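This briefing is meant to be read alongside the sequence and the coordinates. Please keep both open while going through the points, which are grouped by topic.

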Amino acid sequence: MLNDNVFAKVSDFQAMEAELTGIRHYLHSNPELSCEEAETARFVAEKLESWGYEVTRNVGGHGVVARLTAGTGKKGIAIRADMDALPITEETGLTYASQNLGKMHACGHDGHTTVLLGAAEYLSRTRRFDGTVTLIFQPAEEAGKFSGARAMIADGLFERFPFDAIFGLHNHPGAPEGNILLRPGPMMASADTVNIIIRGIGGHASRPHLTIDPVVIACNLVVSLQTIVSRNVDPTQTAVVTVGTIHAGNAVNVIPEYAKLALSVRSFDPKIRDLLRARIVKLTQSVVEGHGATAEIDYESGYPVVVNSEAETNFARGVAEELIGPERVSTCHLIPGSEDFAYFLEHKPGSFLRLGNGLNSAILHSSKYDFADGSLTTGAALWARLVERYLAS
């Protein structure tokens, strides 16, 4: 085992703090939505090329993959950061606020990208590892069914750039700046979307007996759907079935022909996920047909459960405790949000971490949110040390 002083420390990045902050502010000021990250990708690729990385652009869209080999080791590790912003109008009042109206880095991807760039610069300069590091700058994490992770995988990510394990992180509002949270096994939920159209028979509001009212049926269905989790899911498990939208009718004196519902369905176990799908479909058909109407069900499978492999998560915990002390490293609670990093973990062992963004941080996807610059050096040091320790000779 190499001496601990050989591995990256937070203090090694203090001289880079102003540079990292400048990069982060530039990215924050120039957000690009999912599948539109051309300038962000160019900026990232040029930085990496200037540091001596072998860079491949346009992987799965605007994805950038950078590789660096040191020594003769055969092991490989990958670190991923996401680059896309959200369609939100920023209301922070910051001097570096978004210059692109209606677009905002409201989820911290500007910080995730900066943290990995900081580690990239350090690793290229020190090269104190033995093997190959692959840095993945991913587009379209926020794109749902157009997921950038899936696109990069389909474009041959694993075949073209082989590695043994993959790691990623997300900032975590509500945790102290620079603290690190981990969780082996399921950590973030799968996210499925269900669109339902109930087709009845419309007519005059004064003659409901001549109609099949889709509004009444929709209301019955909403209440019935709430029994799925409470009466079909093991109470020790966690699941969510939320009806997010109901749309029907345009006039008070008209019973409409149809009603539309949209559901968000989340769980932390593939078996529970399958159960929810089966029960939602069956219950919808039963309720709707029981009222004499018909149902069209479009069940869209979204991001899978983020399942961290135990060995890689324990390894990352050890590195984090070495870096900032065990008192600043904790076990993360289950997070009902979803992440397309889950697709990578379906193919490779690895772990998705959380990096504290401050106790008083605005929530993610808020127009008032901002990534905490105080976490940049810790995040960069974490990635650098993780690579060095994983590829230690």
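Directly after helix 3 comes R127, a residue whose phi is positive, near 50°. The model is a predicted one, and the points below begin with the helix that R127 follows before turning to the sheet and to the other helices.

**Helix 3**

- Helix 3 covers residues 109-126, and its 18 residues, counted at 1.5 Å a residue, should span 26 Å, which agrees with the 26 Å that separates its end C-alpha atoms.
- Because 16 of its 18 residues are buried, helix 3 is largely enclosed by the rest of the structure.
- Helix 1 (residues 17-29) packs against helix 3 at an angle of about 145°, the two axes being 9 Å apart, and the crossing of this pair is right-handed.
- On the side of helix 1 the contact is made by L20, I23, R24, L27 and H28, while helix 3 contributes D110, G111, T113, T114, L117 and G118.
- Sorted by character, the residues of this contact between helix 1 and helix 3 comprise four nonpolar, five polar and two charged.

**The sheet and the helices on it**

- Eight strands form an open sheet with mixed pairing, in the order 1-2-4-3-5-16-6-15.
- Strand 1 (54-59) and strand 15 (329-331) are the edge strands, and because each has a single partner strand, one side of each is left without a neighbour in the sheet.
- From one strand to the next, the twist averages 25°.
- Helix 3 packs on this sheet, where it touches strand 2 (63-70), strand 3, strand 4 (131-138) and strand 5, and its direction makes about 145° with that of strand 3.
- Helix 8 (residues 310-324) lies across strand 5, strand 6 (180-182), strand 15 and strand 16, and it runs at about 150° to strand 15.

**Strand 5 and its partners**

- Strand 5 (residues 165-172) is mostly covered, since eight of its eight residues are buried.
- Strand 3 (residues 76-82) runs parallel to strand 5 and is joined to it by four bridges, and within this pairing I79 stands opposite F167 of strand 5.
- Strand 16 (residues 350-356) also runs parallel to strand 5, and here seven bridges join the two strands.
- Two of the residues in strand 5 can be followed to their bridge partners in strand 16, with G168 paired to F352 and H172 paired to G356.

**Helices 6 and 7**

- A pair of packed helices is described by the angle between the axes and by the distance between them.
- For helix 6 (residues 214-232) and helix 7 (residues 270-290) the angle is about 145° and the axes are 10 Å apart, and the crossing is right-handed.
- Helix 6 brings I217, N220, L221, S224, L225, T227, I228, V229 and N232 to the contact, where they meet L275, L276, R279, I280, L283, T284, V287 and V288 of helix 7.
- The residues of this contact between helix 6 and helix 7 divide into eleven nonpolar, five polar and one charged.

**Helix 10**

- Helix 10 (residues 376-390) has 15 residues and reaches 21 Å from its first C-alpha to its last, close to the 21 Å expected at 1.5 Å a residue.
- Since 15 of the 15 residues of helix 10 are buried, this helix is largely enclosed by the rest of the structure.

Key. Residues numbered from 1 in each chain as written. Predicted model: local features only at pLDDT ≥ 70, side-chain atom pairs only at ≥ 80, totals over all residues. Heavy atoms only, no water. Buried < 20%, exposed > 50% of the residue type's maximum accessible area, 1.4 Å probe, protein only. Pairing = 2+ DSSP bridges. Axes fitted to C-alpha atoms, helices over the stretch in contact; angles between N-to-C directions. Left-handed = near helix turned anticlockwise from the far one by under 90°. Contact = heavy atoms within 4.5 Å. Nonpolar A, V, L, I, M, F, W, Y, C, P; charged D, E, K, R; others polar. Expected span 1.5 Å × (residues − 1).
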